[in-house]
Amino acid sequence: MTGDGRRATGDGRRATGDGRRATGDGRRATGRSVLFAARSATALHRLLDVLPVFADDPRVHRLFTLVPGSDFQADAFSAIDLAGARTVPWDEACRRSFDLVIAASPKGRLDLLRGARVLLPHGAGHSKVVPGEGSGGPFPSAFDPVNLLADGPDPVFALHALAHPDDVGRLAAASPRDAERATVVGDPTLERLLASRDRRERFRAALGTGGRTLIAVTSTWGGESLFARRPRLPAELTARLPYDRFQVAFVLHPNEFSRLGAHDLAETYDRARRAGLVMTRPYEEWASVLVAADAVVTDHGSTALYAAALGRPVVAAYDGGRELTPGTPMARLLAAAPRLGGPDDALGPDAVTAAVAAHRPEAVRAAARAAFAEQGRALERLRAEVYALLGLPPQREQPTARLLPDPARPVEPAVFTVRARVEGATVRLERLPAPPAGEPDRDDAFPHRHLAAEYGAAGTREIQTAGVVHRRAAAGPGEAGAVAWTADGWTSAVLRELPGRRTAAVLFPGEGLCLVRTGGPDGPLLAVRAEPAYADGRVHRADPAAVVSAVHAWRTTDARGAADRADLVCAIGDRSYTVHVSPAARDAAARPV
């Protein structure tokens with residue numbers, strides 16, 4: 001910092017005292033040019049999170065360029081295009097002068113860009129080193145001397161904007177000269193999560209989570225990542241955890257999206273996605289899912305520190321190695337976190353529930369405090385620093401973090417393996433996404449088994465082997481000239497085509513009504529209604545497809561199941577619902593589907 005309160009820029013120029021800035025060719029202008037230099041999609045996402053610092057300011061012209069040299073830059077330009085930003089080719093960016101250059105990674109020839117250079121945090125906690133890169137010492141990339149050195153006498157960066165005071169000390173250990181140019185501003189990405197906390201119920205509704213426990217599995221990139229060591233873990237949890245109690249999301253580092261491509265990743269987890277696995281997109285959506293999550297299973301990637309800042313339980317699934325720096329916030333978090341079983345251990349609901357319950361809230365909060373300072377003020381702090389470099393007074397309005405968007409709804413499974421236990425008028429039911437052919441499905445606690453398939457969504461083979469076939473009624477009246485089945489006609493036709501002890505049903509989800517036929521095509525058509533359950537001041541409504549499976553189990557395993565009128569108690573997931581069974585009225589039977 002200069003003696004008169006102005007900060008020296010990375011190329012030796014100074015901001016002018018009259019609020020104007022000298023351009024590279026000696027001209028003066030009231031406008032300011034800010035270049036966002038992104039080396040990868042990950043770095044670009046960090047840069048996009050700081051845009052509110054310059055919001056509503058016509059004096060600032062925002063440009064983007066792609067810094068060459070990264071193995072993970074494939075998605076960066078597409079992300080820039082999606083944002084609708086103006087881009088400058090790298091060669092042109094190196095020829096021009098800018099009033100400010102902002103980067104979120106120190107790698108690449110940033111010293112070739114002319115302007116006051118600002119380095120933002122690339123992630124949280126600076127806990128990870130990449131063996132074989134940089135100096136080979138115990139430095140994360142943001143603090144590695146190799147990335148901080150320039151060919152000339154001046155440091156590369158005029159400002160290191162750090163998230164926590166401890167980061168200043170770590171930077172000083174690597175480069176005392178750079179530490180003199182460091183300022184603690186906080187983490188702009190965390191600001192978006194904190195600002196969006198009140199959207200938690202909205203995000204859960206978008207995901208279709210309901211009353212289930214949402215487990216987010218997070219993975220960094222590289223050889224020690226969960227994705228590299230246990231790539232099947234998200235799919236295993238999706239297959240083994242009962243669908244009506246748990247939902248699983250996979251938050252994968254953007255570098256892996258760049259390396260493999262979204263299509264390849266979708267194919268890699270195709271069966272799991274069809275079973276309900278949430279695969280988050282690499283920008284923004286991962287943060288929305290963290291806000292919605294109930295717990296996080298993680299390797300040593302910094303994403304878990306954001307979950308810790310939200311107060312979420314963190315469960316460790318990291319087997320150690322050379323990438324995690326001892327003593328860092330992430331190392332302390334993992335040391336205090338309960339562990340999920342290894343690849344050879346059972347990963348059922350009891351193991352997952354026990355691991356989540358064993359978390360230590362104070363340890364989670366301590367790790368977050370060690371990673372993030374200035375919570376709630378990061379954008380304000382950063383704006384003060386960069387506008388001082390620009391030689392401009394900031395806008396009067398305080399910058400506001402942009403709220404996170406709704407996550408996309410995942411695929412709902414079309415086929416379930418249903419396990420049930422019938423005890424008189426009580427049916428306890430558990431559903432799992434149908435396992436691959438040939439896998440055993442044994443559980444003595446649930447002696448009844450059947451397959452449930454959604455007509456029109458499941459394949460022909462699943463429909464032909466299913467004990468329950470259901471379809472969802474159309475949302476509204478059909479178009480003129482259209483032909484539609486009635487509920488009575490469709491259920492009878494399905495059971496005529498698929499003989500055996502099967503059940504066919506039409507679901508009317510918005511009404512809590514199911515029209516169900518068992519006992520063959522001439523069996524009675526029944527109206528099934530589930531009452532909502534009330535718990536913790538909330539209303540919980542049962543999935544009608546699960547209710548139909550419960551009725552099927554009751555009618556096919558209990559001697560009293562032949563009754564056409566009964567009241568049942570159906571335990572589905574963690575809640576019990578009262579279900580009324582009665583003969584369907586004539587007008588209900590005639591409803592189009």
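Which residues are buried in helix α8 (residues 200-207)? In this predicted model, the buried residues of that helix include Phe203, Arg204, Ala206 and Leu207. The chain that holds helix α8 has 593 residues, with 23 helices and 24 strands. This briefing begins with the chain as a whole, then turns to a sheet, to a residue in one of its strands, and to helix α8.

**The chain as a whole**

- Of the 593 residues in the chain, 54% are buried.
- Where contacts link residues at least 6 apart in sequence, 67% of these contacts join residues at least 24 apart.
- The exposed surface of the chain comes to about 25200 Å², and 50% of that area is supplied by carbon and sulfur atoms.

**The six-stranded sheet**

- Six strands form an open sheet with parallel pairing, in the order β4-β3-β5-β6-β7-β8.
- Strands β4 (60-66) and β8 (182-184) stand at the edges of the sheet; each has a single partner strand, so one side of each lacks a neighbour in the sheet.
- From one strand to the next, the twist averages 25°.
- Within this order, β3 stands between β4 and β5.
- Strand β3 (residues 32-38) pairs with strand β5 (residues 97-103) in the parallel sense, and the pairing runs over 4 bridges.
- Ala37 lies opposite Ala103 of β5.

**Ser33 in strand β3**

- Ser33 belongs to strand β3.
- The relative accessible area of Ser33 is 15%, which is under the 20% cut-off, and Ser33 therefore counts as buried.
- Apart from its neighbours within four places in sequence, Ser33 is in contact with His61, Ser97, Phe98, Asp99 and Leu100.

**Helix α8 and its surroundings**

- Phe203, Arg204, Ala206 and Leu207 are buried residues of helix α8.
- These residues are on the same side of α8, because they cover an arc of only 160° around the axis.
- Two strands against which the buried residues of α8 pack are β9 (213-219) and β10 (246-252).
- The buried residues of α8 also pack against β11 (278-279) and against helix α14 (285-292).
- Gly208 follows α8, and the phi of Gly208 is positive, near 70°.

Methods. Residues are numbered from 1 along each chain as its sequence is written. This is a predicted model: local features need pLDDT of at least 70, side-chain atom pairs count only at pLDDT 80 or more; totals for chains, interfaces and linings use all residues. Side-chain values use heavy atoms; hydrogens and water are left out. Two strands pair if DSSP finds at least two bridges between them. Axes are lines fitted to C-alpha atoms, for helices over the stretch in contact, and angles run from 0 to 180 degrees between N-to-C directions. Buried means under 20% relative accessible area, exposed over 50%, partly exposed in between (1.4 Å probe, protein chains only). Contact means heavy atoms within 4.5 Å. Accessible areas come from the Shrake-Rupley method with a 1.4 Å probe; for residues, only the protein chains shown count as cover. The arc is that of the directions from the helix axis to the C-beta atoms.
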